[in-house]
Amino acid sequence: MTSEMTPKMNDALKQGVAELARSLARKDFTSVELTRAYLERIDQHNPELNAYVTVTGEQALAQAQAADQARAAGTAAPYAGIPFAHKDIFCTSGVRTACGSRMLDNFIAPYDATVVEKMRQAGMVMLGKTNMDEFAMGSSNETSWYGPVKNPWNHTLVPGGSSGGSAAAVAAHLCPAATATDTGGSIRQPASFCGLTGIKPTYGRVSRWGMIAFASSLDQAGVLTRSAEDAAILMQMMSGFDPKDSTSVDVPVPDYLATLDQPLKGLRIGLPKQHFAVGLNPEVEKQIRAALSEFEKQGAVLKEISLDNSHLSVSAYYVLAPAEASANLSRYDGVRFGYRCDKPVDLEDMYKRTRGEGFGDEVKRRIMIGTYALSAGYYDAYYIKAQKVRRLIKDDFDRAFREVDVIMGPTSPHTAFPLGSKTKDPVTMYLEDIYTIAVNLAGLPGLSVPAGLVNGLPIGLQIVGRDFSEAQLLNLAHRFQQATDWHTHTPGV
Amino acid sequence: MALELKDIAYIAHLARLQLGAAEQSEALSRITNILSMIDQMQAVDTAGVEPLAHGFDASQRLRDDVVTETNQRDLLLKLAPSVDQGLFLVPKVLE
């Protein structure tokens, strides 16, 4: 199936979710035409980028056809027929869900995650599943069993991680939007590295049911898009209470689109001095300061604040997340599903070789750190200590939000780094998430918005709000995007 | 609390992970580095601070004790590496 893309469909591939909804409603093109155009483009570019690990062309075309029929009958939901991709951490019934791991390479999920179910109900067309760090453990997408993803802006660089496949796919226009998850920065950092809008909502805002667990008190689902408006549309679809997730929060979901244009006059923006300190690339800082002055122009007030314990967030995180992971990943035992080693001699040999062969190095490392931190004699010194530090970090944010409405700063200290440059030293990789991790520890919502280019590579501005302030974060990002055009810059692929 | 190779072997055993000799020594050096980064938090005084397990201090929600799942035995057994007559098979445990 090789055909010249018509100019009309070429243009369609540049449209975001909001614009596609209008185009489909006007019948500029059908969802089947649009889906075919995306599948062709994936065919063409995915072998190089490795953004998708599974492409579900047949199912996508069937969903697209159903959306077109519903539209013809006048019964289509507003966003029916719009293609998108799911991070391969969400269980998709009948479709392999591998979570970047050899352990689940043969796992055909027997049910849909709540997020998957919600998007299906909305009539969205799933193009496929995107690559990711193994079990979402990584900041560069290099721990995937399926190989690294290339950054569409420069193929020698990482796209960020763990949602690197989703970010690369959206940035390279292999889909208009993708789902993602964030345990310590896995939505926001790839958004920053690939020039996208990425939102990690408040813990509990989006159901985790059917989302393969890494660190259950920190994991949260969100989206990667090319505008705040698109993120608002998808967050509306995904959010809400789910009785099947015991940590889902029963708080009403506001109309995110309704408040996108609200004026910013009087908004108090806190700038944590720790996020503008040594380690921040000076060119990135310059761009971030310029972005902040845009908010000032719109009537916001900037104020320096202090998050006194933020330097401890990476330390506490690398106790708590591995501890939770070591418990969550104990389910992979070679008995009920997933990989099993060849010819085990006894039960213990089966467990040990199944897990030794099925998990990659980084996952094994984190399981061991977690096991150590939870083991007799070390529990208080590591696990309880880290939980106490977590309280201090949360208290810092509570104090800050008594003085300011939102907190802003860089998402990452630098632009995307070269493939292979940090894989030898886990600690330098962990420090990648220095500005994002505290937000997960406190359960707060965070968003990254494209805020400039440094040497031709995108950088992100992080906006952090109070619990359940997603509407406000989207509003601020949208106002910023009305005044700037950073989010419209795209890589040549 | 410097780790040694025998500690790595013990932790790997607790976690039921088979590691080769080369993997063990690499794990030792990398985990030692990670723990020294983690140990930065030991310097902060947390006397009197309550541990925080969850961002909102939320407690577990309870539901009625009723059956919510349908029986999908055949579908779920299909995912297993080894089954026989509706049972998961594992290597012999008892002689």
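How many bridges join strand E4 (residues 177–182) of chain A to E6(A)? In this predicted model, six bridges join E4(A) to E6(A), and the two strands run antiparallel.

**Strand E6 and its neighbours**

Strand E6 of chain A comprises residues 220–225 and is mostly covered, with six of its six residues buried. In a regular strand the side chains alternate between the two faces of the sheet. In E6(A), both faces are covered. One side carries Gln220(A), Gly222(A) and Leu224(A), the other carries Ala221(A), Val223(A) and Thr225(A), and all of these residues are buried.

Two pairings of this strand can be described. On the side of E4(A), Ala177(A) has Thr225(A) as its bridge partner in E6(A). Strand E5 (residues 197–200) of chain A is also joined to E6(A), by three bridges, and this pair runs antiparallel. Here the bridge partner of Ile199(A) in E6(A) is Val223(A). Thr225(A) and Val223(A) both belong to the face of E6(A) that also holds Ala221(A).

**Backbone features in the loops of chain A**

Two residues of chain A that are not glycines have a positive phi; the table lists them with their loops and surroundings.

| Residue | Phi | Loop | Other C-beta atoms within 10 Å |
|---|---|---|---|
| Asn50(A) | about 65 degrees | between helix H3 (31–49) and strand E1 (52–55) | 21 |
| Phe468(A) | about 60 degrees | between strand E11 (457–464) and helix H16 (470–483) | 19 |

Is Asn50(A) buried or exposed? Asn50(A) is buried, because 21 other C-beta atoms lie within 10 Å, and 20 or more are required for that class. Phe468(A), with 19 such atoms, is therefore partly exposed.

A further backbone feature concerns the peptide bond from Gly161(A) to Ser162(A), which is cis, with omega near 10 degrees. Ser162(A) is found in the loop between strand E3 (125–130) and helix H6 (164–171) of chain A.

**The contact between chains A and B**

The contact between the two chains takes 51 residues from chain A and 41 residues from chain B. On the side of chain B that touches chain A, at least two residues each come from helix H1 (5–14), helix H2 (21–38) and helix H3 (73–77) of chain B. Of these helices, H2(B) supplies the largest share, seven residues. By class, this side of chain B has 27 nonpolar, nine polar and five charged residues.

Conventions:
Residues are numbered from 1 along each chain as its sequence is written. Chains are lettered from A and ligands numbered from 1 in the order in which they are written. This is a predicted model: local features need pLDDT of at least 70, side-chain atom pairs count only at pLDDT 80 or more; totals for chains, interfaces and linings use all residues. Helices (H or I, at least four residues) and strands (E, at least two) are DSSP runs, numbered from the N terminus. A residue is buried if 20 or more other C-beta atoms lie within 10 Å of its own, exposed if 12 or fewer, and partly exposed in between; C-beta atoms are placed from the backbone. Two residues are in contact if their C-beta atoms, placed from the backbone, lie within 7 Å. Ala, Val, Leu, Ile, Met, Phe, Trp, Tyr, Cys and Pro count as nonpolar, Asp, Glu, Lys and Arg as charged, and the others, Gly among them, as polar. Two strands pair if DSSP finds at least two bridges between them.
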